[in-house]
Amino acid sequence: MKEKILQVKNLQVQFNTDRGPVIAVKGVDFEVYKGKTIGIVGESGSGKSVSALSIMRLIPDPPGKIIAGEIEYRGKNLLKISLGEMRKIRGNKIAMIFQEPMTSLNPVFTVGNQVREVLELHQPNLSKKEKEEKTIDMLRLVGIPSPERRVNEYPHQLSGGMRQRVMIAMALACEPDILIADEPTTALDVTIQAQILELMKKLQNELGMGIIFITHDLGVVAEMCHEVSVMYCGRVVEQADVNTIFSRPLHPYTKGLIESIPSFDSTTGRTKERLKTIEGMVPSMFALPPGCSFQDRCAYATDHCRGPRKNPPLEELEPGHFVACFNPLI
Amino acid sequence: MEIKETKPKSLWMHAFATLMKDKMAVISFIIILIYVIAALLSATGILAGDWAKEVGPSYGPPTTDNIFGLDIFGRSVLYKTIKGSEVAMSVGLVTALFSIIIGVVFGAVAGYFGGFIDELIVWFYTTFTSIPNIMLLMVITFILGKGLLAVYLALGLTSWVSLSRLIRAEVMRHKDRDYVAAATAIGGGNFRKLFIHILPNVTHVIIINFSLQFQTAIKSEVILSYLGLGVQGMPSWGTMIDDSKLELARGVWWQLAAATFAMMIVVLAFNILGDSLRDALDPKLKGK
């Protein structure tokens, strides 16, 4: 039985810029289940990071503001609780790892110090020795060799992959329910990427946390996720389990994304054909076309899509498969 | 093959090692140390305790017994100079600490919180600096009455603005860094983020400023004492220079020379040390 731990309902986030307000996230819904990974996929500016930061209430305010929606974590609306309560949740129940391991650690403290800080914040009852032991245990858990020595090292002495492991150790020190991973492997090279993904999967099996995995790399999604939400211009355009998304994409955008993954012929090592791309660019948030936001880049767009109507609503076209398109590829 | 284990070095260990390689910095540091020891010994009365005693004729020239000569009352200028170092070092230390505390708190709070708080603090120190410093110094000493306490307060209250500006800019630069976002994500509050995460990253600015503030304070104290607003009842380099105004016409140059020399050396040492500290702590700014 799947246990639901987090539900995001109709989340809307607005940014006030010099050129006027922009709604970066326009009503996003998704759920996180215990021990499962949900992937949020999209191009830059599609609102995937903003959605994830909203869960932690980390949107810088000003200029950002969550203008509507609910984020329900175990029966509590995270948008309604006090900042003090939120602080008790951050790093304790919901933890986050960032894209840039090179800059996400404080350069003047040892890595041990930074893992220990999480314990100091959320488990102040532990004795000094217990904290020290737990810190070393965490570093060992994330696969850092000779952690007894590494605890006393500074971030600049570690490679990017090792630093990301430290970030994961910090995030998991209090055994959170939910781990938000905001493009955790983007800044790493491919071999290290594979190691980090493997590590996250292993830790998920051991600790049973739900993961929100944000990425623009569909290959990583196929590897990591159970459920996938595809975002475009601040909206979820398709949502389904990972097999359905890859075998039967119903939204032209998802189809385009999957087709633009390079495929290699394993015998010759060459690509069979020219790599497909999605034509055009993401429209500016200031000049969205009336109707469907994807119309300009969509090969299937009709006058129906370009009409002065609103964006297509997200509908359940098959059981568990949600699509927001006027002309789904059924 | 044996792999040599190196103990990881902190930023401060690195900086210290760099500093120790810099000969001028080491010499400057030793000079400052000598001044500090002299000041401490003088304060506890071990050295120059009987500076007020008449040891020879009025305006006695430098001899082997009294290498800096004697003043109008036949007191040893050497002892007076040492006693003066006590005033100079205490003024330097207290003023520098005082101005750093005010400057760091205002600068950090303004830079971190931004918005209205920032505007208020910036408005305050801009207004504050529009008052000529020397006027402010005189007003404060007149209000508090002459004496060491007035000098501490007057110099401390007038010297924090430049550090405040620096700290504000540095904190602004750091507050949007990823490690601060990461600190929020593990549940850190504003106080923790500002004072535990950001401030240690800007400490080098504070340390460099401390060494520069220290010598500025020494010079300012000399000026105040020269103007008759400084320390009363004990010699300071400023009052010694003030005294020698009348002596120079008679060809008595040693009091002026001793005080100026004592001040020049310590100020120079602080300047060189400040420069070296900057090089050691902020490699991007290396002037060499």
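A residue counts as buried here if 20 or more other C-beta atoms lie within 10 Å of its own, with C-beta atoms placed from the backbone. Keep that cut-off in mind for the views below, which are drawn from a predicted model.

**View 1. Strand 8 of chain A, a covered strand.** Let us start with strand 8 of chain A, residues 210-215, where six of its six residues are buried. Gly210(A), Ile212(A) and Ile214(A) point one way from the strand, while Ile211(A), Phe213(A) and Thr215(A) point the other way. In a regular strand the side chains alternate between the two faces of the sheet. Both of these sets in strand 8 of chain A are buried.

**View 2. The partners of strand 8 of chain A.** Which strands run parallel to strand 8 of chain A, with five bridges? One of them is strand 3 of chain A, residues 37-41, joined to strand 8 by five bridges in the parallel sense. Here Gly39(A) stands opposite Phe213(A). Strand 7 of chain A is also parallel to strand 8 and joined to it by five bridges. In that pairing, Ala181(A) has Phe213(A) as its bridge partner. Phe213(A) therefore makes a handy landmark for this view, as a buried residue of strand 8 of chain A.**View 3. The open sheet of chain A, from edge to edge.** Stepping back, the strands of View 2 belong to an open sheet of eight strands in chain A, with the order 6-7-8-3-9-10-12-11 and mixed pairing. Strand 6 (94-97) and strand 11 (315-318) of chain A each have a single partner strand, so one side of each is left without a neighbour in the sheet. On average, and with direction ignored, neighbouring strands of this sheet are turned by 20° against each other. At one edge, strand 6 of chain A pairs with strand 7 of chain A (residues 178-182) in the parallel sense, over four bridges. To find this pairing on screen, look for Ile97(A), whose bridge partner in strand 7 of chain A is Ala181(A).

**View 4. Helix 4 of chain A and its cover.** This helix takes in residues 128-141 of chain A, 14 residues in total. From its first C-alpha to its last it reaches 20 Å, close to the 20 Å expected at 1.5 Å a residue. Which residues of helix 4 of chain A are buried? They are Lys131(A), Thr135(A), Ile136(A), Met138(A), Leu139(A) and Leu141(A). An α-helix has 3.6 residues a turn, so residues three or four places apart point the same way. The cover over the buried residues of helix 4 of chain A includes helix 3 (111-122), helix 5 (147-150) and helix 6 (160-172) of chain A. Just after helix 4 of chain A comes Gly143(A), with a positive phi of about 80°.

**View 5. Chain A as the setting for these close-ups.** Chain A has eleven helices and twelve strands. Its C-alpha trace spans about 70 × 55 × 45 Å along the principal axes. A compact globule of 330 residues would have a radius of gyration near 20 Å, and the 21 Å of chain A agrees with this. Of the residues of chain A, 44% count as buried. Among contacts in chain A between residues at least 6 apart in sequence, 63% join residues at least 24 apart.

**View 6. Tyr152(B) and its surroundings in chain B.** Now for the other chain, which has eleven helices and zero strands. Tyr152(B) sits in helix 6 of chain B, residues 148-158. Is Tyr152(B) buried or exposed? With 20 other C-beta atoms within 10 Å, Tyr152(B) is buried. Once neighbours within four places in sequence are left aside, Tyr152(B) is in contact with Val91(B), Val94(B), Thr95(B) and Phe98(B). Ala217(B) is 65 residues away along the chain, yet its C-alpha atom and that of Tyr152(B) are separated by 8.9 Å.

**View 7. Helix 4 of chain B, out in the open.** Helix 4 of chain B covers residues 115-130 and reaches 23 Å from its first C-alpha to its last, close to the 22 Å expected at 1.5 Å a residue. Of the 16 residues in this helix, the number buried is one, so helix 4 of chain B lies largely in the open. For the chain as a whole, 43% of the 288 residues of chain B count as buried.

**View 8. Where chain B touches chain A.** In this last view, 17 residues of chain B are in contact with 26 residues of chain A. Helix 8 (178-185) and helix 9 (190-226) of chain B each supply at least two residues of the side of chain B that touches chain A. Which helix of chain B gives the largest share of that side? Helix 8 of chain B does, with six residues. By type, the residues on this side of chain B divide into eight nonpolar, seven polar and two charged.

Conventions
Residues numbered from 1 in each chain as written. Chains lettered and ligands numbered in written order. Contact = placed C-beta atoms within 7 Å. Nonpolar A, V, L, I, M, F, W, Y, C, P; charged D, E, K, R; others polar. Expected span 1.5 Å × (residues − 1). Buried ≥ 20, exposed ≤ 12 C-beta atoms within 10 Å, placed from the backbone. Rg over C-alpha atoms; globule rule 2.2 N^0.38 Å. Pairing = 2+ DSSP bridges. Axes fitted to C-alpha atoms, helices over the stretch in contact; angles between N-to-C directions.
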